[in-house]
Amino acid sequence: MNVRVLRTELKRSLAPWAGVVALVTASALLYLISEPWSETTTAWTGQWTSMALWTRTLLFYLWPLAIGLGALQGLRDHRSKISDLLTSTPRPTWHRAATLAGTTAFTLVAAFVSLILVGAVQVFAHARYTHLGWLPISLVGVLALVAATVLGMGAARALPSVLTPPALAMGTFVFTAVLARTETAAAPGATGAEPNRLVLLSPAVEKVPNALVTLSAPVHLGQTIWMLGVASTGFALLVAATPRTRLLALAPVLAGAALALLVLPADPRRMFVVDEAAARPVCDGSVCVSRAQQARLAGLAGPGKEALRLLHGALGGRAPETVRENTAMLPDGAKPQWSRTTVLFDFDDGMLAAAEGEEVTRALIAQGRRGGLGAGGSRAAARHRVGGVEPRRHRQGPTGVGGAHGTATGATARTHQRDARRRSLLRGRRVRGTQRRSVPVRWLTLYAHSRQVPASLATVLTSAAAVWALTRDGSAAPGGSQLPAVVLTAGAMALSTGLGGQDLDLDRSAAIRWAPRRAAHVLLGGAIVGAVLLTVQAVGQDLATTEFVARDCAGLAGLAALGAAVAGGRYAWAFPFTWLAFAFLAPPPATTVPVKVATWMLLPAGTPAATWTALCLAVVGTVLYALAGPEALALPPRRILRDRNVSAARAG
């Protein structure tokens, strides 16, 4: 792919907008949500490994977004109905596929690399421990974005539907962020949750335990094999032209998953390993810190030696002899084994993190008394068209748009019969007269089919059935708000695909009162999504209260309508999806108003900030969409160019 082709693709596709959306939303996640990125030693700008791991954490949102945006790009030929034209050109199919996939992947990778560069500049400014061990972490993240983009395009080429992008994005999000974690018993009476091998197929890193750990080599190797299989399957689907070749295209991803599961560590404790080079001690007398924290040794040496002197005077022979940073990594829920000869401390400890001067000495004394008196510590160790074949359309049946046996009706049918009669007369054949045939069709049926209502409803019912299957044995925690929020968001995303017509100019020029119909579409769609979830609860486990469901349905339906008014029905699903990602990443104890607004869909029913946020979204989104219609606030470059051409033609 040369520069000229790349420049042309960047001009006439949504690839640049995909990169802008990914960069802006990821930056907002990093800078608008203070936790957990800004913790003391594991801040994303504190150390090189922490920076790489935290940017990989963003893939829980960027990876599904890349698949969804790739699917939108893959639907371009089907949406424009130019597949036959492209297949008739001498250019190889794989060459066109590589150009299309490479452009979108390039912009998304550029956005991800920009985040890494921003963090790298800040780490380089103040970190004294420099190494290259963070590069494999970031390179696997780059490969994951490329694989996700190509897979989304291939899946959309195989399943050309407006529901394919939101379905792929939400399904991947559930895989990366919602899957249950393995329960482990770290210590007697203490349980924790750690990832299993299946979850490691996701490139997202859930958290950074501490600044001294990194991903193990088997994790890098297994995820690389898996991502190569995903990318191979996506590209094979892009160039496949028959159902048989599409089935064969699934072989790389299946083989990659099997090999990756063999390589990935079975023991959760082997997923993260201590970086021996970063944990190597750097000492000033009897006070030692890790190499990664050697910049803080000068401020800790004096208080540490003073703490040892005071402990020796209080405990005598039982007093510890050294002060050392705790570099051990324990599973969640486990308690550290305090030593009688060493004062073990952690820079993330609540007593030590904000301590200064004599407070540091008192904090170290408290840690030393734990070991000297034998008491166990209380804190945890770590925190279209496909292949030139046109899909069959108008298959409604005898009373639908297609008429009997899929034929046209009304004026269209008479036109077709008149043309056939003329051709037969020219050939010297005798034909019977044209029959006037018309099949009455209800307006509501036509509107429902043009707005993808049956397919959207089927998607909502499918997601509800999946929730029922997952919760019928009581595996979901009662009162948990994440699962119902995901289900309602999936319903809103399916609803959003029908908020734009097939031809916006035709809709706007029609002598139809669109405002009440659009408002009814939004309100009725939100009500159906909520009713489906409440029905599932009636026959299964209670997931949320009726007030919670009503509030989230109203807010998410309004958010989908707002997205349709701003960007159009094809891209409206990204609005509720992005807000859901913000809600999942925000710190759980929502105490401030901005955090409550960001997590409104997860807060309990009756929370004033959540209720008002949902009400504002419902009113603003519904009113704006009803009065202005889809894409009211957007003028794509192609529309501006078209209007200029029309004006120029009229002037001439």
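**Exercise 1. Compare the span of helix 8 with the value expected at 1.5 Å a residue.**

Step 1. In this predicted model, helix 8 covers residues 135-158, which is 24 residues.
Step 2. The rule takes 1.5 Å times one less than the number of residues. That gives an expected span of 34 Å.
Step 3. The end C-alpha atoms lie 35 Å apart, which agrees with the expected span.

**Exercise 2. Is helix 8 largely enclosed or not?**

Step 1. A residue counts as buried under 20% relative accessible area.
Step 2. Of the 24 residues of helix 8, 17 are buried.
Step 3. Helix 8 is therefore largely enclosed by the rest of the structure.

**Exercise 3. Work out the layout of the open sheet of 4 strands.**

Step 1. Write the order: 5-6-7-8, with mixed pairing.
Step 2. Find the edges. Strand 5 (281-284) and strand 8 (342-345) each pair on one side only.
Step 3. Add the twist, which averages 20° from one strand to the next.
Step 4. Look at one pair. Strand 6 (residues 287-290) and strand 7 (residues 322-325) run parallel, over 2 bridges. Cys-288 has Arg-324 of strand 7 as its bridge partner.

**Exercise 4. Describe the second largest cavity and its lining.**

Step 1. Start with volume: about 70 Å³.
Step 2. List some lining residues. Among them are Tyr-447, Arg-451, Asp-507, Arg-508, Trp-514 and Tyr-625.
Step 3. Assign elements. Helix 21 (504-509) and helix 22 (514-539) each give two or more residues to the lining. Helix 21 gives the most, with 3 residues.
Step 4. Sort by character: 6 lining residues are nonpolar, 2 polar and 4 charged.

Technical notes
Residues are numbered from 1 along each chain as its sequence is written. This is a predicted model: local features need pLDDT of at least 70, side-chain atom pairs count only at pLDDT 80 or more; totals for chains, interfaces and linings use all residues. Side-chain values use heavy atoms; hydrogens and water are left out. On a 1 Å grid over the protein atoms alone, a cavity is a set of points where a 1.4 Å probe fits but cannot get out, and a pocket is an open set with protein on both sides within 12 Å along at least five of seven lines; lining residues have an atom within 4 Å of a point. Grid points are joined across faces, edges and corners, and a volume is the space filled by probe spheres set on the points. Ala, Val, Leu, Ile, Met, Phe, Trp, Tyr, Cys and Pro count as nonpolar, Asp, Glu, Lys and Arg as charged, and the others, Gly among them, as polar. Buried means under 20% relative accessible area, exposed over 50%, partly exposed in between (1.4 Å probe, protein chains only). Two strands pair if DSSP finds at least two bridges between them. Axes are lines fitted to C-alpha atoms, for helices over the stretch in contact, and angles run from 0 to 180 degrees between N-to-C directions.
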